[in-house]
Amino acid sequence: MAELDIRPLLFADRQWVMKLADVSQVYCPRCGEEDLGLAAISAETPLGYIVWQIVVDEATLLGVAVYKRQRHCGVATAMHKYSEQQLLSQRVKKLFLEVRRSNTIAQTCYHHLGYKIIGERKNYYRALNNIRQREDAIIMSKSISI
Ligand SMILES: CC(C)(COP(=O)(O)OP(=O)(O)OC[C@H]1O[C@@H](n2cnc3c(N)ncnc32)[C@H](O)[C@@H]1OP(=O)(O)O)[C@@H](O)C(=O)NCCC(=O)NCCS
């Protein structure tokens, strides 16, 4: 992969971001309106995005997605590590996220990044393939410091 650049998510990114969020079935950012939104770019081609909400000294991961053909190459890890530096500079100390119980790849990724499971929300999500069914959310958290 060519060199990876991580930069703020812009309003001009909204088209590819909407499509990527749609095919990945995850939260679609408003591009430029989140507390922290980042895009990963390589050779002028977008690879993925990550977005956060910040409340005082806590940040919640609103969404992260990487194009299928670029997955398992370290893009989410790079965006996450860059986010941590940005969040630390805004005095954030604790990170939270929710992930579908069935999304074992994302959970592995978060474990890899140092998150621990701290709880669950029963029937939190609408099931992906059956709108009449629900799916639990796993809640994960991680402390960060300089
Ligand atoms: C979850 C997602 C963002 C991970 O992005 P990624 O760029 O592929 O992740 P990375 O390459 O940084 O992988 C980090 C770790 O996650 C795990 N991982 C990633 N892809 C994996 C796969 N296909 N199989 C098993 N483990 C995997 C590995 O532990 C990996 O570390 P390693 O490379 O040392 O083995 C990506 O799969 C994605 O966009 N999925 C669809 C959207 C989604 O589920 N978002 C999360 C919603 S909570």
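In this predicted model, strand 1 and strand 2 (residues 36-42) run antiparallel and are joined by 5 bridges. Within this pairing, Asp-5 has Ile-41 of strand 2 as its bridge partner. Helix 1 (residues 14-24) packs on the sheet, where it touches strand 3 (45-55) and strand 4 (58-66), and its direction makes about 85 degrees with that of strand 4. Ile-41 also serves as a reference point for Glu-3, a residue found in the segment before strand 1: the two are 38 residues apart in sequence, while their C-alpha atoms are 8.5 Å apart in space. Glu-3 has 7 C-beta neighbours inside 10 Å and therefore counts as exposed, given that a residue is called exposed if 12 or fewer other C-beta atoms lie within that distance.

The pairing of strands 1 and 2 belongs to an open sheet of 7 strands, in which the order is 1-2-3-4-5-7-6 and the pairing is mixed. Strand 1 (4-8) and strand 6 (116-126) stand at the edges of this sheet, and because each has a single partner strand, one side of each is left without a neighbour in the sheet. From one strand to the next, the twist averages 25 degrees.

Both directions of pairing can be followed at strand 4. On one side, strand 3 and strand 4 run antiparallel and are joined by 8 bridges, with Ile-50 having Val-64 of strand 4 as its bridge partner. The hairpin that these two strands form has 2 residues between the strands, and in this hairpin Val-56 takes a positive phi near 55 degrees. Strand 4 is also joined to strand 5 (residues 94-100), here by 3 bridges and with the two strands running parallel; in this pairing Thr-60 stands opposite Phe-96 of strand 5.

Beyond strand 4, the loop that leads to helix 2 contains Arg-69. This residue has 7 other C-beta atoms within 10 Å and is therefore exposed. Arg-69 and Leu-47 are separated by 22 residues in sequence, and the distance between their C-alpha atoms is 9.0 Å.

Two further residues are marked by their backbone angles. Arg-91, which lies in the loop between helix 2 and strand 5, has a positive phi of about 65 degrees although it is not a glycine. With 9 other C-beta atoms within 10 Å, Arg-91 is exposed. Asn-123, likewise not a glycine, has a positive phi of about 55 degrees, but its place is in strand 6, one of the two strands that stand at the edges of the sheet. Asn-123 counts as exposed because it has 11 C-beta neighbours inside 10 Å.

The surroundings of the ligand were examined next. The ligand is surrounded by 19 residues, of which the closest are Arg-71, Val-75, Ala-76, Thr-77 and Cys-109. The elements that give two or more residues to this shell are strand 4, helix 2 (75-89) and helix 3 (104-112), and helix 3 gives the most, with 5 residues. By residue type, the shell divides into 11 nonpolar, 7 polar and 1 charged. Strand 4 therefore appears in several parts of this description, since it pairs within the sheet, is touched by helix 1 and gives residues to the shell around the ligand.

Taken as a whole, the chain has 3 helices and 7 strands, and from the N terminus on its elements run β-α-β-β-β-α-β-α-β-β. For a chain of 146 residues, a compact globule would have a radius of gyration near 15 Å, and because the chain has 15 Å, the value agrees with that expectation. Along the principal axes, the C-alpha atoms fill a box of roughly 40 × 35 × 25 Å. Of the 146 residues, 26% count as buried, a term that requires 20 or more other C-beta atoms within 10 Å. Among the contacts in the chain with a separation of 6 or more, 57% are accounted for by residues 24 or more positions apart.

Notes. Residues numbered from 1 in each chain as written. Predicted model: local features only at pLDDT ≥ 70, side-chain atom pairs only at ≥ 80, totals over all residues. Pairing = 2+ DSSP bridges. Helix = DSSP H or I, 4+ residues; strand = E, 2+ residues; numbered from the N terminus. Axes fitted to C-alpha atoms, helices over the stretch in contact; angles between N-to-C directions. Contact = placed C-beta atoms within 7 Å. Near = placed C-beta within 6 Å. Nonpolar A, V, L, I, M, F, W, Y, C, P; charged D, E, K, R; others polar. Rg over C-alpha atoms; globule rule 2.2 N^0.38 Å.
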